[in-house]
Amino acid sequence: DDDDDDDEMCDQKRSRVARWALEEFFYPLFENEEEEVPAKCPLRRSRDRYLNLERMKRKGYNKRKKEEEWKEVGTGKVI
């Protein structure tokens, strides 16, 4: 059933890798031609369920723990 396809999502880590590939290779094909990704295309940025979350965090280095961590932009809360 095609309606079930929307319920299947990849995790945030895989989405991040896919987003990188789309930004590097897919979207420039349209931008270079000054065109938009078709409205029904499943690869449109507007369909990226994690994009807003990703934009709200930044990777940093915790010197005390000696490891990288993610923090919310604005609040500095570790996530």
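This is a short walk through one predicted protein model, from its confidence to its core, its salt bridges and its rings.

First, the ground rules. Residues are numbered from 1 along each chain as its sequence is written. The model is predicted, so local features need pLDDT of at least 70, side-chain atom pairs count only at pLDDT 80 or more, totals for chains, interfaces and linings use all residues, and side-chain values use heavy atoms, with hydrogens and water left out.

Now confidence. pLDDT is the predictor's confidence in each residue, from 0 to 100. The protein chain has a mean pLDDT of 81. Of its residues, 86% reach 70 or more. Elements here are helices (H or I, at least four residues) and strands (E, at least two), taken as DSSP runs and numbered from the N terminus. Among them, α1 has the highest mean pLDDT, 93. Strand β1 has the lowest, 72. A general caution: where pLDDT is low, the predicted coordinates should not be read in detail.

On to the core. Which residues make up the largest nonpolar core? There are six: L22, F26, Y27, F30, V37 and C41. A nonpolar core means buried Ala, Val, Leu, Ile, Met, Phe, Trp, Tyr and Cys residues joined through side-chain atoms within 4.5 Å. Buried means under 20% relative accessible area, exposed means over 50%, and partly exposed lies in between (1.4 Å probe, protein chains only). In soluble globular proteins, nonpolar side chains tend to be buried together.

Stay with Y27. A contact is heavy atoms within 4.5 Å. Setting aside neighbours within four places in sequence, Y27 contacts L22, V37, L43, R44 and R45. One of these partners does something extra: the charged end of R45 sits over the ring of Y27, 3.9 Å from the ring centre. For that label, NZ of Lys or CZ of Arg must be within 6 Å of the ring centre and within 35 degrees of the ring normal.

Next, salt bridges. The rule is a side-chain nitrogen of Lys or Arg within 4 Å of a carboxyl oxygen of Asp or Glu. How many salt bridges does this rule give? The count is four. I will take three pairs in turn.

Pair one is R16 with E54, at 3.0 Å from N to O. R16 lies in helix α1, residues 12-32, and E54 in helix α2, so this bridge ties together parts that are 38 residues apart in sequence. Helix α2 covers residues 51-55. Buried or exposed, where does E54 fall? E54 counts as buried, because its relative accessibility is 12%. R16 has a relative accessible area of 27%, so R16 is partly exposed. Beyond four places in sequence, E54 touches Q12, R16 and R19.

Pair two is R19 with D48, whose closest N and O atoms are 2.6 Å apart. R19 is in helix α1 and D48 in the loop between α1 and α2, so the pair ties together parts 29 residues apart in sequence. R19 is buried, because its relative accessible area is 12%. D48 is at 24%, so D48 counts as partly exposed. Leaving out residues up to four places away, R19 touches D48, Y50, L51 and E54.

Pair three is E31 with R45, with closest N and O atoms 3.2 Å apart. This pair links distant parts of the chain: E31 in helix α1 and R45 in the loop between α1 and α2, 14 residues apart. Both are partly exposed: E31 at 44%, R45 at 34%. Salt bridges with shared partners join E23, E31 and R45 into one network.

Now the rings. The structure holds three aromatic pairs. One of them is W20 with F25, an edge-to-face pair, 5.8 Å centre to centre with 85° between the planes. Rings of Phe, Tyr and Trp (its six-membered ring) pair if their centres lie within 6.5 Å; planes under 30 degrees apart are stacked, over 60 edge-to-face, and the rest tilted. W20 and F25 are both exposed. Elsewhere, F26, Y27 and F30 form one aromatic cluster. Those three names also appear in the largest nonpolar core.

Last stop, the strand. K59 lies in β1, residues 57-62. Beyond four places in sequence, K59 contacts E68, E69 and W70. The C-alpha atoms of K59 and E72 are separated by 9.0 Å, and these residues are 13 apart along the chain. Remember that β1 has the lowest mean pLDDT among the elements.
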